[in-house]
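Dear colleague,

I am handing over the structure below, and would be glad if you could look through it alongside the notes that follow.

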Amino acid sequence: ATWTCEIETSTRTEYSDEVCEHSGDALSINCDDGLVIVIQAAAYGVYSNDNTCGLTYGGDCLAESSLEVMHGLCDGEYSCSVEADNDVFGDPCVGTVKYLTATWTCEIETSTRTEYSDEVCEHSGDALSINCDDGLVIVIQAAAYGVYSNDNTCGLTYGGDCLAESSLEVMHGLCDGEYSCSVEADNDVFGDPCVGTVKYLTATWTCEIEFQSSCPQDYPYVYYNGDYCCASDTEKVYTPQGELCDSGSIGFDSLCCKDDAFQQCSDSPCSDYIDSGLLSLNKPTSSSSLGWDGTNEGAVNGNTAGSFTDGQCSHS
């Protein structure tokens, strides 16, 4: 994993655009005055009837790679141009015309970003521990679990493709927005990309000033890694997504919202709805989809209300 510590920009202006597949156009982003692009949200598929392409939402059709691809193509650039194309994002629903939406900010380029990296070996008994001081929070920049190079401290030899596709997503979910996190190099965490082979975990991160908006009161429950807000606290059932869409309690890493009653987070990543009166107390809030016992039921959804609800522990 790789991360940086950055200065907060209080005057962030968000921009959004949309482009249709097969239109011959690309989604073009430009930042002026020496500012660089920071992608806040992205989606490729057909996931709403509210689009300029005249496409009708007919069920789940959303490329999981959407945000990661846009981050990779545009973050830190002065401009970028991305086509709404299956060759770029993969095809989440074969035979269906899709569209691409993105939301971004233009921010000051920080030439003094400090990135930190570390590595830990599977079966070593150690975990990859990340800590940010002075009230800064972790932002994972890169992560990989497997054996993908001979250049490692574990003495492992690269023998072919062995890289867990979930590496970055898992590290984002476990560490982003936290003051500290500890992650084991383990198949139970990332899945096993090459059975019988000892692997290692690397990560790069930054420590940044905390900035988090909350979901609106009518859609109070955050999901899809902070990019969307759901009106219900329950997932809908969509078998291909497994336990992330199985009618359980909705969490930060859930991928489906009951009755598709959702809206996009205005400033991703969002947290669950926070009463503005509580925010005036100026206490930190945080959320997690996994609890101290490794289950959703043990999850902590931090707030200052001091109340306890089913499946959550609220605290100040």
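Lys98 and Glu21 are both buried, where buried means under 20% relative accessible area, exposed over 50%, and partly exposed in between (1.4 Å probe, protein chains only). Please bear in mind that this is a predicted model, in which local features need pLDDT of at least 70 and side-chain atom pairs count only at pLDDT 80 or more, while totals for chains, interfaces and linings use all residues. Residues are numbered from 1 along each chain as its sequence is written, and side-chain values use heavy atoms, with hydrogens and water left out.

Salt bridges

The two buried residues are joined by their side chains in a salt bridge (3.8 Å, N to O), the term standing for a side-chain nitrogen of Lys or Arg within 4 Å of a carboxyl oxygen of Asp or Glu. Because Lys98 lies in the loop between α2 (86-89) and β6 (99-108), and Glu21 in the loop between β2 (14-20) and β3 (26-30), the pair ties together parts that are 77 residues apart in sequence; helices (H or I, at least four residues) and strands (E, at least two) are DSSP runs, numbered from the N terminus. Lys98, whose relative accessible area is 0%, also forms a salt bridge with Asp91 (3.1 Å, N to O), and Asp91 is partly exposed at 32%. Glu21, Asp91 and Lys98 are thus linked in a network of salt bridges. Elsewhere, Asp192 and Lys199 meet in a salt bridge (3.1 Å, N to O), with Asp192 partly exposed at 33% and Lys199 buried at 1%. The whole structure holds six salt bridges.

The sheet β13-β14-β15

Three strands form an open antiparallel sheet in the order β13-β14-β15, two strands being paired if DSSP finds at least two bridges between them. Since β13 (221-223) and β15 (262-264) stand at the edges with a single partner strand each, one side of each is left without a neighbour in the sheet. Between β13 and β14 (residues 228-230) there are three bridges, and Tyr221 stands opposite Cys230 in β14. Gln264, in strand β15, is partly exposed at 27% relative accessibility.

Tyr148 and Thr202

Tyr148 lies in the loop between β9 (136-146) and α3 (167-175) and is partly exposed at 30% relative accessibility, whereas Thr202, in strand β11 (residues 200-209), is buried at 15%. Their side chains are joined by a polar contact of 2.5 Å, that is, a pair of N or O atoms within 3.5 Å, of which, within protein, one must be able to donate a hydrogen and the other to accept it, residues adjacent in sequence counting only if both atoms are side-chain atoms.

With best regards
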